[in-house]
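Here's a quick walk through one protein model, from the overall make-up down to a single residue. Have a look at the fold before reading on.

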Amino acid sequence: MNQAKAGSGSLFRSRLGLVRAPVAVACLVALLLSACTGSAPGPGPTQGNGPELIRKLDLNLTIPWSIVFLDDGTAVISERDTKLIKSVRNDRATTVGEVPGVVPGGEGGLLGLALSPTFASDRLLYAYFTAESDNRISRIRLEQAADGRLSLGTPEVIFTGIPKAGTHNGGRIRFGPDGFLYVGTGDAQHPEQAQDRIALGGKILRLTPEGKPAPGNPFGNPVYSYGHRNVQGLAWNSDGRLWASEFGPDVNDELNLIEAGGNYGWPQVTGAPGRAGYIDAKVVWPSTADASPSGLEIVNGTAFTCALRGQRLWTVPLRGETAGNPVAYLTAQYGRLRDVSLAPDGTLWVLSNNQNPDFALLLKPPRQ
């Protein structure tokens, strides 16, 4: 047995000289890619380890932006340009109501939704939207009639002053495990404000359910992290770590692990350049044609992020504070994908964003 091992080792060493140069070249290329991009996109799906398409729901939606779920499985969806909240039950979409004060335009309109952590008792739905002069957040009681039909109560504006523009409006909101509301904002076409720790643009904000700065925020104001260009997705893994998807400019879309008080570099840096004073992205898509990552969900240790321009669903394995190589699914099959969310029955819902009209995909997530 030992002789066989020794013989094998001699054969390996004799062959090593023949392959050393190509291996060195390959390693150098991989090293350069890693240095430039952090975890780079993988070559393609591996059979059997990705999400499985269950069915497509033709819901006749118009530019849906965000989706949340009630405990009974009812989906609640915002439509950006129509200003409408819609619900989906038994594979049918119905209008719940129109959110007052929404002024659609460009990438602005009715954007992110979030359910109160105490929804069972207060029935509060939170909505991020573009108004006449700014982006703001309202909370609205989601009434339910005896026959199950939903309607909107009178909205209460709880936070204002987030800068608006034709693009870079941010818009994703989500309650964290700590019970506070996290808000992803964009730089509203003024990149310099992303580095201003007082300005609200280019940030992740952390608020109480009443819209006040959350206790323990790093700068004593609503700002939780800064140096962001246009945050589009927020999700927590099972260890309570916050991750965020973010649009780059014409290069370097990002998946970031968020730290309180962290500076993520925009507009000084993008991606993962290793510059002192800035936090590198954990995953970088060098070409925005492959990504433009939007909604984000984490299930069984895997991050799922929708791609708008990239027209695919990216999966990224997460382990602690590290992210593996992203792998794409559904590429160029269903057009632009906007949001992804886990339903109470364990399925993943993915919203399209194509105006033709739009639909939802139901997926079975892979096991860990």
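What follows covers the whole chain, then its nonpolar cores, then one loop residue.

First things first: this is a predicted model. Strands dominate the list of elements, with 26 of them next to two helices. Of the 368 residues in the protein, 53% are buried. Take the contacts between residues at least 6 apart in sequence, and 53% of them join residues at least 24 apart. The exposed surface comes to about 16200 Å², with carbon and sulfur atoms supplying 51% of that.

Now for the inside. The largest nonpolar core has 19 residues, and Phe159 and Tyr126 are among those with the most contacts inside it. Seven strands are worth tracing here, as each supplies at least two residues of this core:

| Strand | Residues |
|---|---|
| S6 | 110-115 |
| S7 | 124-130 |
| S10 | 156-162 |
| S11 | 173-175 |
| S12 | 181-184 |
| S13 | 203-207 |
| S14 | 223-226 |

Apart from that core lies another, of 18 residues, including Leu113, Leu115, Phe119 and Ile140. As for Phe159, beyond its close sequence neighbours (up to four places away) it touches Arg136, Ile137, Leu200, Leu205, Leu207, Gly211 and Pro222.

Last stop: Asn263, in the loop between strands S17 (251-257) and S18 (283-287). Is Asn263 buried or exposed? It counts as buried, because its relative accessibility is 9%, under the 20% cut-off. The Asn263 side chain makes a polar contact of 2.9 Å with the side chain of Gln195. Leaving aside neighbours within four places in sequence, Asn263 also contacts Tyr226, Gly227, Gly277, Tyr278 and Ile279.

How values were computed
Residues numbered from 1 in each chain as written. Predicted model: local features only at pLDDT ≥ 70, side-chain atom pairs only at ≥ 80, totals over all residues. Heavy atoms only, no water. Helix = DSSP H or I, 4+ residues; strand = E, 2+ residues; numbered from the N terminus. Buried < 20%, exposed > 50% of the residue type's maximum accessible area, 1.4 Å probe, protein only. Contact = heavy atoms within 4.5 Å. Areas by Shrake-Rupley, 256 points an atom, 1.4 Å probe, with all protein chains shown as cover. Core = buried A, V, L, I, M, F, W, Y, C linked by side-chain atoms within 4.5 Å. Polar contact = N/O pair within 3.5 Å; in protein donor to acceptor, adjacent residues only side chain to side chain.
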